[in-house]
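Hi there,

Here is the structure I promised to hand over. Please have a look at it first, and then read on for my notes.

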Amino acid sequence: MKKKTLLLVFEVLTAIFFLFAMFPFFVVVINSAKASLEIISDPISLPARWGQLFDNIKTIWTSPSVRYSSSVFASVVITAGSLATISIFSAMAAWVLVRTKTRTSTVIFLLFLSGLIIPFQVVMFPLVALFRMIRETVGLPMLRTYHGMIFAYIGFGAPLAVFMFHGFIKSIPVALEEAATIDGCTKMQVFLNVIMPILKPIFVTVIILNAIWIWNDFLLPSLILGIGQDVQTIPLAIAGFAGSFVKKWDLIMTAVLMAAAPIVVGFLFAQKHIIKGMVAGAVK
C-alpha cells in the first residue's frame, strides 16, 4: 500500500513538473496565432482566430527586411556542416586515441576534455580576434562566413563528442579490428566498415545534442556573423523583430515556433537512440 501511495505521489509530481516545463511552449503556441495587440492585452488566453498563425507565417516569409528564408538556408548549411564534421572527425579522433596507448594520446585526450571546462565567455572575444588575425595573415575571411561558423562550432562541439565516443570505443573488442585487418582492410576501411556501424547510437546522440545547441544558438553567430549581415541564422533573424522601440511580438512568437518545430520533431523520432547512446556511453 505504501509503495502504491509513493508511486502515485511521484506520478503527480511528474505531471506537475511536466506542466511547468511545457508552459513556455504553450505560451509560444497560443501567442503565435495572435496579433501583436492581442498578445499585449492578454498573453495567456487562447487566440480568437487560429488562422492568424498562417498570416504571421506568410508575413515572416515574405518580409524583405527579415530575409527569413535565407536565414533558414544559412542555419541548415551551418548546422549540417557542423554536425557532419563534429561527429565524423570526433569519432576518428576518439578511435585513434583509444587504440594508441601512449602518453601523448593521453595528453591529447585531456586537452579535449579541457574544452568542457573552459567557459565560452572566456574565449569568445579572443576567438573573434583570432579570426581577424587569420584574415590579415592568410587572407582567408573567417568572420561573416559559413566556414567560419562551422570552424567555431567544431572547436566547441568536439570535446563532448570525443569524450562520448572515447568511452564507447573502449568497449569494442580489438579482435574485430584485427580480423578485418587480416582480411585485407586498411585502417580507413576498418573504421568505416567495422567501427562506424557499432557507433550508431553514439552518432545519433552526438548529432541531436549538437543540433539542438547549434540550431538555437544566438551568442556565437552574433559574434561571428553579426546581426543584420548578409549571412544570418534563424535566431539572428528573430532578433530583427525586436527593435529598440517596437517589438513585433506576434512575429517573434511565430518565428520561434517555426524554428523550434524541426528540432522537436527530430528529437521525438531519435529519442530512443539518444537514450541508448547516453546509457551506452556512461556504462561502457
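Below is what I found, going from the whole chain down to single residues.

Before anything else, please keep in mind that this is a predicted model.

**The overall picture**

The protein chain has 13 helices and zero strands. Reading along the sequence therefore gives the pattern α-α-α-α-α-α-α-α-α-α-α-α-α, with helices and strands taken from DSSP runs. The C-alpha trace spans about 75 × 70 × 35 Å along its principal axes. Of the 284 residues in the protein chain, 38% are buried. If you take the contacts between residues at least 6 apart in sequence, 71% of them join residues at least 24 apart.

**Helix 9 and its two neighbours in sequence**

A good place to start looking is helix 9, which covers residues 187-198. Helix 8 (residues 174-182) packs against helix 9 at an angle of about 155°, and their axes are 10 Å apart. An angle over 145 degrees counts as roughly antiparallel, so helix 8 is roughly antiparallel to helix 9. Their crossing is right-handed. On the helix 8 side, the contact is made by L176, E177, A180 and T181; helix 9 brings V190, V194, I195 and I198. Sorted by class, the residues of this contact are six nonpolar, one polar and one charged.

On its other side in sequence, helix 9 meets helix 10 (residues 200-216), and here the axes come within 4 Å and cross at roughly 65°. Angles of 65 to 115 degrees count as roughly perpendicular, so helix 9 is roughly perpendicular to helix 10. The residues that meet are M196, P197 and I198 in helix 9 and K200, P201 and F203 in helix 10. This contact has five nonpolar residues, no polar ones and one charged one. You will notice that I198 turns up in the contact with helix 8 and again in the contact with helix 10.

One more residue of helix 9 is worth finding: L192. L192 has a relative accessible area of 42%, so it is partly exposed. Its C-alpha lies 9.7 Å from that of M92, although L192 and M92 are 100 residues apart in sequence.

**Aromatic pairs**

How many aromatic pairs are there? The count comes to eight. One of the aromatic pairs is formed by F73 and Y146, with 6.5 Å centre to centre and 85° between the planes. Planes over 60 degrees apart count as edge-to-face, and that is how this pair is classed. F73 is in helix 4 (residues 68-99) and Y146 is in helix 7 (residues 146-169), so the pair links distant parts of the chain, 73 residues apart, with the helices taken from DSSP. Y146 is partly exposed, with a relative accessible area of 28%.

**A buried threonine in a loop**

Finally, please look at T233, in the loop between helix 11 (219-224) and helix 12 (234-239). Is T233 buried or exposed? Its relative accessibility is 5%, so T233 counts as buried. Leaving out residues up to four places away in sequence, T233 touches S71, S75, I78, D217, P221 and L225.

I hope this helps you find your way around. Happy exploring!

Best wishes

Technical notes:
Residues numbered from 1 in each chain as written. Predicted model: local features only at pLDDT ≥ 70, side-chain atom pairs only at ≥ 80, totals over all residues. Heavy atoms only, no water. Axes fitted to C-alpha atoms, helices over the stretch in contact; angles between N-to-C directions. Parallel < 35°, antiparallel > 145°, perpendicular 65-115°, else oblique. Left-handed = near helix turned anticlockwise from the far one by under 90°. Contact = heavy atoms within 4.5 Å. Nonpolar A, V, L, I, M, F, W, Y, C, P; charged D, E, K, R; others polar. Phe/Tyr/Trp six-rings, centres within 6.5 Å; stacked < 30°, edge-to-face > 60°. Buried < 20%, exposed > 50% of the residue type's maximum accessible area, 1.4 Å probe, protein only.
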